[in-house]
Amino acid sequence: MPLEDGDPVKQRGQRVNGKVSSTPRLGGMGDPPLQGTPAPDGSRTEAMAEGWEPGPALGDGDVTPGGAPQQAGQEPGQRGEALMAELSELVQKVVKSSSWWERHGVDISIIVCSFLLLPAGFLCLRSAQAIPFLAGVLTLGVVHHTLTVKGSHLASHNALTESKSWGKVWAIFFIELCSAFTAEQATYNHVKIHHGYTNVIGLGDSSTWKLPFLNCYVYMFIAPLAVPIITPLVALDLLRNVEWKAALRTLCCMFLGLYCHYWLLLHVSGFQSPWSALLCMLLTRSLLAHPYIHVNIFQHIGLPMFAADRKPKRIHLMSLGVLNLPRNALLDWSFGHSLISCHVEHHLFPGLSDNMCLKIKPIVSQYLKQKKLPYNEDTYTSRLQLFLRRYKELMVHAPPITELVGIQ
């Protein structure tokens, strides 16, 4: 499944008569800028967006949220950097005191267990009885989303290993072979843009998730079923923006992953018709597509949005523009803590694994509340009701730009 993307070249949020107009689109990204080159808004891409580094995070803007009073003699920008540096130091102590099992082993074991469940899933589909067959569909669906969502997400942030070389291998495996998407574009769009410019209009504002021509109920409940079909089609379009060698590798991996799934259904699960095998592929690959779409829009859209030239410092940006959902056993396993109950922590420290995000959650929440910064939390049901009630405002019309004023 594709990860979130945005377009740093074409600013989608423009002021028109004092308002903001937005033209969301599904589309590709250009080649990523060289490391250290200025970002589209004139600042440098946040160092924290690629991997967690202790110390102050880079950022721009001189605004702080009202409710976070400044220390005497401190500029607003310095206040944000000082807060991020202090929080980073607290988190760094936890990371350094954690074992390899806590940093990587727990999440790797979940992925390994998912692989071990694959034979049982395919064999259950051989049964003519309803209960074993449905158990096979459920097993393969959960395994698929664990590999394509949790595995791809961790691999894109190089959170599965401390080796950059192996990190690239895992990114290709999970994103291209398992998810039928392009690793370069997924990593650039998600890590560089979405994390570097979270809730910034025209960049990381999640507008690529919007399909304003669709009815509310069609988008929320029917369209997700098409995610397994849309994903490789979008990937093929994005391949125009990568080198031919990478594009060829992606095509081979996508074909191999899809064909292996199809072949196993025919020769292991015993499907007699190609169309029945393809239908089963669609069913298992879209089993958790609804929460996948919902989670991606619930945790950012509807929260404060910012202009590129007025975005606050990193700690304020992430505390204002990111929301945590409650823990859920199924989604925690399939999507990972960093996408569900620890999304704020993940955006502040994206290089950490799901298990480490869960471990630092009490520290981050306590720190933000102590400093009187927002720590957004809401239930899945509450967000669903909100989006059904205000669908046009949130998913069709352009989001308003939030102006923050520092309190001296």
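The legends below describe several close-up views of a predicted model.

**View 1. An aromatic pair within helix 4, Trp170 and Phe174.** A search of the whole structure finds 14 aromatic pairs, and one of them joins Trp170 to Phe174, whose ring centres are 5.9 Å apart and whose planes meet at 35°, so the pair is classed as tilted. Both residues belong to helix 4 (residues 164-178), where they are four residues apart, about one turn of the helix. Trp170 is partly exposed, with a relative accessible area of 32%, whereas Phe174 is buried, with a relative accessible area of 2%. The two residues are also members of one aromatic cluster, which is formed by Phe115, Trp166, Trp170, Phe173 and Phe174.

**View 2. An aromatic pair within helix 8, Phe255 and Tyr259.** The rings of Phe255 and Tyr259 are stacked, with 5.8 Å from centre to centre and 10° between their planes. Stacked is the term used for planes under 30 degrees apart, and this is why the pair, at 10°, receives that name. Phe255 and Tyr259 are four residues apart in helix 8 (residues 244-267), a separation of about one helical turn. Phe255 is exposed, at a relative accessible area of 57%, while Tyr259 is partly exposed, at 40%.

**View 3. Two buried residues of helix 8, Thr250 and Ala247.** Thr250 is found in helix 8 and counts as buried, with a relative accessibility of 0%. Leaving aside neighbours within four places in sequence, Thr250 is in contact with Glu176, Phe181, Thr182, Glu184 and Leu239. Thr250 and Ala183 are 67 residues apart in sequence, and the distance between their C-alpha atoms is 7.8 Å. Ala247, which also has its place in helix 8, is buried with a relative accessible area of 11%. When residues up to four places away in sequence are not counted, Ala247 touches Leu239 and Val242. Along the chain Ala247 is twelve residues from Ala235, and the C-alpha atoms of these two residues are separated by 9.8 Å.

**View 4. The packing of helix 3 against helix 9.** Helix 3 (residues 130-156) and helix 9 (residues 274-285) pack at an angle of about 60°, with their axes 8 Å apart, and this angle makes helix 3 oblique to helix 9. From helix 3 the contact is made by Val137, Leu140, Gly141, His144 and His145, and from helix 9 by Leu283, Thr284 and Arg285. Divided by class, the residues of this contact are three nonpolar, four polar and one charged.

**View 5. The packing of helix 2 against helix 14.** Helix 2 (residues 100-124) packs with helix 14 (residues 354-370) at an angle of about 125°, and their axes are 7 Å apart; helix 2 is therefore oblique to helix 14. On the side of helix 2 the residues are Glu102, Arg103, Val106 and Asp107, which meet Asp354, Asn355, Met356 and Lys359 in helix 14. The contact of helix 2 with helix 14 comprises two nonpolar, one polar and five charged residues.

**View 6. The largest nonpolar core and a second core apart from it.** In soluble globular proteins, nonpolar side chains tend to be buried together. The largest nonpolar core in this model has 28 residues, of which Tyr219, Met220, Ile297, Phe335, Phe387 and Met395 touch the most other members. Helix 6 (216-222), helix 10 (289-298), helix 15 (380-389) and helix 16 (391-396) each supply at least two residues of this core, and helix 10 gives the most, with six residues. Phe335, leaving aside its neighbours within four places in sequence, is in contact with His145, Val149, Lys150, Leu288, Pro291, Tyr292, Ile340 and Asp354. Apart from the largest core lies another core, of 25 residues, among them Val94, Leu348, Phe349 and Met356.

**View 7. The covered helix 11.** Helix 11 (residues 314-321) is mostly covered, and eight of its eight residues are buried. These buried residues are Arg314, Ile315, His316, Leu317, Met318, Ser319, Leu320 and Gly321.

Conventions. Residues are numbered from 1 along each chain as its sequence is written. This is a predicted model: local features need pLDDT of at least 70, side-chain atom pairs count only at pLDDT 80 or more; totals for chains, interfaces and linings use all residues. Side-chain values use heavy atoms; hydrogens and water are left out. Rings of Phe, Tyr and Trp (its six-membered ring) pair if their centres lie within 6.5 Å; planes under 30 degrees apart count as stacked, over 60 as edge-to-face and the rest as tilted. Buried means under 20% relative accessible area, exposed over 50%, partly exposed in between (1.4 Å probe, protein chains only). Axes are lines fitted to C-alpha atoms, for helices over the stretch in contact, and angles run from 0 to 180 degrees between N-to-C directions. Angles under 35 degrees count as roughly parallel, over 145 as roughly antiparallel, 65 to 115 as roughly perpendicular and the rest as oblique. Contact means heavy atoms within 4.5 Å. Ala, Val, Leu, Ile, Met, Phe, Trp, Tyr, Cys and Pro count as nonpolar, Asp, Glu, Lys and Arg as charged, and the others, Gly among them, as polar. A nonpolar core is a set of buried Ala, Val, Leu, Ile, Met, Phe, Trp, Tyr and Cys residues joined through side-chain atoms within 4.5 Å.
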